[in-house]
Amino acid sequence: MQRHDWSVEEIGDLFGLPFNDLLFQAQTIHRRHFDANQVQVSTLLSIKTGACPEDCGYCSQSASSDTTLEREKLLPLDEVISAARAARESGSTRFCMGAAWRNPTDKNLDRVIEMIDAVQGLGMETCVTLGMLTQPQAQRLKESGLDYYNHNLDTSPEFYGDVITTRTFQDRLDTLAYVRDAGINVCSGGILGMGEQRRDRVRLLQELANQPSHPESVPINMLVKVEGTPLENTDALDPLEFVRTIAVARILMPESYVRLSAGRTQMSDETQALCFLAGANSMFYGERLLTTDNPEESRDQQLFQRLGLNMEQIEEEPKVCCHG
Ligand code: SAM
Ligand code: DTB
Ligand code: SF4
């Protein structure tokens, strides 16, 4: 059963539990809904990089940031297909394509839909993150067969304006509503370690859990501090507070995949192990996130082995398709 009436006090109390009690509760709930030793892995590809008109303070791709990132045009279809095929060979079940847009134009969407078709043809699940959508665009993506749309709330409504000024928290909620109402699975979460307080982490999770339905996937990112961005010198968050946030997300949204997302390169194996114990059961796999590094596949394989974790497999046979 999903609850959508979590209060700030209830969530604050969960955060305030002794660590062992919190992890025990989260792991107990996790085991009711999932195989505790199974992790779903997705691979990311940036299909359009840099020169984004938004001013998200954490992002390497914002035109307002002073980063050294090379600006790129939308990638050709064949490059997307080779990257997806490589991801499938490595054992990834979902391919997530990200574009540095405020929102896609209808022409952009035609090109992205070709990419979605091709990736589906390889038998993989598809996810895209393209910025804000209109209702008809969400509908078109649904008709293309898209499995997931990623659009993060990023932080609490109260802290949001300290990080982003070019679009509002409400804009994000509107896009999520279009995606959800179109029948596409929602992937929505946030970033920790941006200088927010615990009450902001409480409010972020409250906003996510109190949506009309829980996002099917909830990415929890640790800020990757990118040189030249306004958040480059933010103080690091205590890793145990990151683990607590994962545990509370698991308790509030028991049937959702909680995704241990950006920031793993800077995280110890032990912190990641605690995240899995707290109920994280999906992550990004492959040496690159969008523009920054992710752990090498061999490193993750070692970690899986040490922890006895298994990667979820693609269930269906690949469909026969023109792209081979
Ligand atoms: N432009 C689209 C958008 O913002 O909706 C899609 C791409 S955007 C890079 C996807 C998400 O990645 C952001 O919402 C943010 O939560 C996360 N992200 C971006 N830069 C990050 C960083 N430096 N550290 C952690 N997470 C980051
Ligand atoms: C999400 O929550 N994290 C991913 C995915 N959704 C698109 C992106 C992380 C980006 C990290 C910084 C970068 O590589 O540019
Ligand atoms: Fe643009 Fe997305 Fe980066 Fe914000 S997070 S600057 S919208 S690419």
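## Three ligands and the cavity around them

In this predicted model, an oxygen atom of ligand 1 comes 3.3 Å from an N or O atom in the side chain of Arg 167. The protein covers 90% of the 560 Å² of accessible area that ligand 1 has on its own. Ligand 1 sits in the largest cavity, ligand 2 takes up space that is the largest cavity too, and ligand 3 sits there as well. Here's the rundown, ligand by ligand, with the cysteines at the end.

**Ligand 1**

- Ligand 1 has 16 residues around it, and the closest are Tyr 58, Thr 129, Asn 152, Asp 154 and Val 224.
- Two of those names turn up again as polar partners: the side chain of Asp 154 puts an N or O atom 2.7 Å from an oxygen atom of ligand 1, and the side chain of Asn 152 does so at 2.8 Å.
- Sorted by class, the shell around ligand 1 comes out as nine nonpolar, five polar and two charged residues.

**Ligand 2**

- Around ligand 2 there are 13 residues, with Asn 152, Asn 221, Leu 290, Thr 291 and Thr 292 coming nearest.
- Asn 152 therefore shows up on both lists, since it is among the closest residues to ligand 1 and within 4 Å of ligand 2 as well.
- For polar partners, look at Thr 291, where a polar side-chain atom lies 2.6 Å from an oxygen atom of ligand 2.
- Thr 292 also joins in, with a side-chain N or O atom 2.8 Å from an oxygen atom of ligand 2, and the side chain of Asn 221 offers an N or O atom at 2.8 Å from a ligand 2 oxygen.
- On its own, ligand 2 has 410 Å² of accessible area, and the protein covers 86% of that.
- The shell around ligand 2 has six nonpolar residues, seven polar ones and no charged ones.

**Ligand 3**

- The residues surrounding ligand 3 are Cys 52, Glu 54, Cys 56, Tyr 58, Cys 59, Ser 62, Ala 100 and Arg 167.
- Two of these also feature at ligand 1: Tyr 58 is listed among its closest residues, and Arg 167 has the side-chain polar atom 3.3 Å from a ligand 1 oxygen.
- By class, that shell splits into five nonpolar, one polar and two charged residues.

**Cysteines**

- Don't go looking for disulfides, as the structure holds zero of them.
- Cys 127 is in no disulfide, because its nearest cysteine sulfur, that of Cys 96, is 3.9 Å away, while a disulfide needs the two sulfur atoms within 2.5 Å.
- Cys 127 counts as buried because its relative accessibility is 4%, and the cut-off for buried is under 20%.
- Cys 56, one of the residues around ligand 3, is at 8% relative accessibility, so it counts as buried.

Notes. Residues numbered from 1 in each chain as written. Chains lettered and ligands numbered in written order. Predicted model: local features only at pLDDT ≥ 70, side-chain atom pairs only at ≥ 80, totals over all residues. Heavy atoms only, no water. Buried < 20%, exposed > 50% of the residue type's maximum accessible area, 1.4 Å probe, protein only. Polar contact = N/O pair within 3.5 Å; in protein donor to acceptor, adjacent residues only side chain to side chain. Areas by Shrake-Rupley, 256 points an atom, 1.4 Å probe, with all protein chains shown as cover. 1 Å grid on protein atoms, 1.4 Å probe; cavity = no way out; pocket = protein on both sides within 12 Å on 5 of 7 lines; lining within 4 Å. Sits in = over half its atoms within 2 Å of the grid points. Nonpolar A, V, L, I, M, F, W, Y, C, P; charged D, E, K, R; others polar.
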